[in-house]
Amino acid sequence: TSVILDDEETEFMIRINENWEFEPSEINAKEGSSILITFVNELPADHDIKIGDSIEITVSRTETVELTITGTAPIQFYAPADIILGHTGMTGRILIN
């Protein structure tokens, strides 16, 4: 599922759903913009999430991250431990326009 960012929208909610997937798994952002992403964990266990090369968060129920989009390369987000356990839906990306 993708979410398109228009010129006015800078806030996103990404669910960690009961199927062990990010929903949506892709969002679009404009280069140079600042965005807020709120991860909402719908599962009973905490999830460690890595965003790009430098941001790591732990999501118990909700956690919000602010990012400034630089460059045009997609930014990956994923839950490293969940991927090791075989939950392949725990990956996503921010596409840059």
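**Warm-up**

Is Glu26 buried or exposed? Work it out from the relative accessible area.

*Solution.* Start with the cut-offs: buried means under 20% relative accessible area, exposed means over 50%, and partly exposed is in between, using a 1.4 Å probe and protein chains only. Glu26 has a relative accessible area of 19%, so Glu26 is buried.

Some ground rules before going on. This is a predicted model, where local features need pLDDT of at least 70 and side-chain atom pairs count only at pLDDT 80 or more, while totals for chains, interfaces and linings use all residues. Residues are numbered from 1 along each chain as its sequence is written, and side-chain values use heavy atoms, with hydrogens and water left out.

**Exercise 1: follow Glu26 to its partner**

Find the residue whose side chain meets that of Glu26 in a salt bridge, and place both in the fold.

*Solution.*
- Step one, the criterion: a salt bridge needs a side-chain nitrogen of Lys or Arg within 4 Å of a carboxyl oxygen of Asp or Glu.
- Step two, the partner: Glu26 meets Arg93, at 2.7 Å from N to O.
- Step three, the places: Glu26 sits in strand β4 and Arg93 in strand β10 (residues 91-96), so to speak a link between distant parts of the chain, 67 residues apart. Strands here are DSSP runs of E with at least two residues, numbered from the N terminus.
- Step four, the exposure: Arg93 has 31% relative accessibility and therefore counts as partly exposed.

**Exercise 2: sort out the open sheet**

Write down the strand order of the four-stranded open sheet and pick out its edges.

*Solution.*
- Step one: two strands pair if DSSP finds at least two bridges between them.
- Step two: the order comes out as β3-β2-β5-β8, and the pairing is mixed.
- Step three: β3 (22-23) and β8 (62-68) are the edge strands, each pairing on one side only.
- Step four, one pairing in detail: β2 (residues 11-16) and β5 (residues 34-41) run parallel and are joined by six bridges. Glu11 has Leu36 in β5 as its bridge partner.

**Exercise 3: describe the hairpin**

Which residue takes a positive phi in the hairpin of β6 and β7?

*Solution.*
- Step one: β6 (residues 47-51) and β7 (residues 55-59) pair in the antiparallel sense over five bridges.
- Step two: Ile49 and Ile57, the latter in β7, are bridge partners.
- Step three: the hairpin has three residues between the strands, and Gly52 is the one with a positive phi near 60°.

**Exercise 4: build the aromatic cluster**

Starting from Phe39, work out which rings join up into one cluster.

*Solution.*
- Step one, the rule: rings of Phe, Tyr and Trp (its six-membered ring) pair if their centres lie within 6.5 Å; planes under 30 degrees apart are stacked, over 60 edge-to-face, and the rest tilted.
- Step two: the whole structure holds three aromatic pairs. In one of them, Phe22 and Phe39 have ring centres 6.0 Å apart and planes at 65°, so they are edge-to-face. Phe22 belongs to strand β3 and Phe39 to strand β5, 17 residues apart.
- Step three: Phe39 also pairs edge-to-face with Phe77, at 5.8 Å centre to centre and 70° between the planes. Phe77 lies in strand β9 (residues 75-78), 38 residues from Phe39.
- Step four: put together, Phe22, Phe39 and Phe77 form one aromatic cluster. Phe22 and Phe39 are buried, and so is Phe77.

**Exercise 5: trace the salt-bridge network**

Which residues are linked with Arg15 in a network of salt bridges?

*Solution.*
- Step one: a search of the whole structure gives four salt bridges.
- Step two: Arg15 bridges to Glu18, with the closest N and O atoms 3.9 Å apart, and to Glu23, at 2.9 Å.
- Step three: the network links Arg15, Glu18, Glu23 and Glu42.
- Step four, the exposure: Glu18 is exposed because its relative accessible area is 52%, whereas Glu23, at 32%, is partly exposed.
- Step five, the surroundings: Glu18 sits in the loop between β2 and β3. Not counting residues up to four places away in sequence, Glu18 touches Glu42 and Leu43, where contact means heavy atoms within 4.5 Å. Glu18 and Leu43 are 25 residues apart in sequence, yet 6.2 Å apart C-alpha to C-alpha.
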